[in-house]
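Here are my notes for you on this one, written as numbered points. Keep the picture open while you read, and find each residue as it comes up.

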Amino acid sequence: MAHFYDCSNPKSLELKQEITTPSQATKAGKRIYPSVTTIIGSTIKDPFLDSVWKPRSMVEFARMEEHWDKSWKELEQLCYGERECPQTGKMIPSSEFGTRVHNCAEKLLNAYVQGVYYDEDKWYDPYAQPFIDWVEEMGHKVVATEYMISDNTIKTCGSIDVVLRGSHSNELFLCDYKCRKRKQFYEKDLWQLAIESEMIRRKGKLDYLPQCISICIDINTKKHHHKVWSEDQVKEAIQIFKWMSKLYWKLRMK
């Protein structure tokens, strides 16, 4: 689903839930920007996954008796897979599983920083805890969680899972979590992080580009795998996203 934000006030970015299309966004105002993930998801399509596998899967799900009452959006979510909920044992959409793990990571990080009590979630906390352990072991400083940032030149808005300050370098770096069945990293992971790193650099007028680290959370083992993207990879990804953004605005935001 496409997401659009009111970026009129950089200090208070607001998700406009009633806006779901580029046409609606254009009519709503000049500072209504598509999210980073919306631009990526709407611009780059895989010729097999998006044109063959996904439509075929939706038809197959629609023909199943247990899914007869689902809307096309619910069927679309099934294409991205399901995960077993550790609490109920029932299958839930991958996106819901990932959201629960993300929420636990944010909660645990904030509790770690503030030194306060938190409501334990014995089912999902274990998937997030290794990251907090790593941050504490490395001595990194948590600067912000779920940090929202926009840019009036690139015309987009992004949400960063966590911004950290390195214990040795004293420089900012970004981390983004993905829940997957095994150790997997994709170019889209980098595109998202890279442009958010560039927006951080521009906003803070930094003389360096914040490092980008993708965190793959293995849902089978709860083990965390870290992918540190090189500076050259990040710079190339920034340029790729800028091209995507220009194309999106040229074709969709009329």
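1. First, a term we need: strands here are DSSP runs of E with at least two residues, and they are numbered from the N terminus. Two strands count as a pair if DSSP finds at least two bridges between them. Also keep in mind that you are looking at a predicted model.

2. Let's start with a hairpin. E6 and E7 make one, and four residues sit between the two strands. E6 covers residues 141-151 and E7 covers residues 156-165, and nine bridges hold the pair in the antiparallel sense. If you want one spot to check, Tyr147 is opposite Ile160 in E7.

3. Now look at the turn itself. Lys155 belongs to the loop between E6 and E7. Its phi is near 60°, which is a positive value in a residue other than glycine. Is Lys155 buried, exposed or partly exposed? Its relative accessibility is 32%, so Lys155 counts as partly exposed.

4. Go one residue on and you reach Thr156, which is in strand E7. Thr156 has 0% relative accessibility, and buried means under 20%, so this residue counts as buried. What does it touch? Leaving out residues up to four places away in sequence, the contacts of Thr156 include Tyr33, Pro34, Ser35, Val36, Ile149, Met199 and Phe241. There is a polar contact too: the Thr156 side chain comes to 3.3 Å from the backbone nitrogen of Val36.

5. The hairpin is part of an open sheet. Which order do its five strands have? They go E6-E7-E8-E9-E10, and the pairing is mixed. E6 and E10 (224-229) are at the edges with a single partner strand each, so each has one side without a neighbour in the sheet. On average, and ignoring direction, neighbouring strands here are turned by 35° against each other.

6. Follow the sheet on from E7 to E8 (residues 172-180). Those two are antiparallel as well, paired over four bridges. Val163 has Leu174 of E8 opposite it. Helix H6 (residues 125-138) packs on this sheet and touches E6, E7, E8, E9 (211-218) and E10. The direction of H6 makes about 55° with that of E10.

7. Two asparagines in loops deserve a look. Asn170, in the loop between E7 and E8, has a positive phi of about 60° although it is not a glycine. Asn220 is found in the loop between E9 and E10. With a relative accessible area of 56%, Asn220 is exposed. A polar atom of the Asn220 side chain lies 2.9 Å from the backbone oxygen of Lys181. Try this pair as well: Asn220 and Arg182 are 38 residues apart in sequence, yet their C-alpha atoms are 7.6 Å apart in space.

8. There is also an open sheet of three strands, with antiparallel pairing and the order E2-E1-E3. Its edge strands are E2 (14-15) and E3, and each of these pairs on one side only. E1 and E3 run antiparallel and are joined by three bridges. Tyr5 has Tyr33 in E3 as its bridge partner, and Tyr33 is one of the residues that Thr156 touches.

9. What about the inside? The largest nonpolar core has 39 residues, and Phe4, Val234 and Phe241 are the ones with the most contacts inside it. Among the elements that give two or more residues to this core are E1 (4-6), E3 (32-34), E6, E7, E8, helix H7 (187-204) and helix H8 (231-251). A second core, separate from that one, has 26 residues, including Phe97, Val101, Leu109 and Tyr124.

10. Last, a helix pair. How do H3 and H4 pack? H3 (residues 49-62) and H4 (residues 72-79) pack at about 115°, and their axes are 9 Å apart. Their crossing is right-handed. To see where they meet, look at H3 residues such as Trp53, Met58 and Phe61, and at H4 residues including Trp72, Leu75 and Cys79.

Technical notes:
Residues numbered from 1 in each chain as written. Predicted model: local features only at pLDDT ≥ 70, side-chain atom pairs only at ≥ 80, totals over all residues. Heavy atoms only, no water. Axes fitted to C-alpha atoms, helices over the stretch in contact; angles between N-to-C directions. Contact = heavy atoms within 4.5 Å. Buried < 20%, exposed > 50% of the residue type's maximum accessible area, 1.4 Å probe, protein only. Polar contact = N/O pair within 3.5 Å; in protein donor to acceptor, adjacent residues only side chain to side chain. Core = buried A, V, L, I, M, F, W, Y, C linked by side-chain atoms within 4.5 Å. Left-handed = near helix turned anticlockwise from the far one by under 90°.
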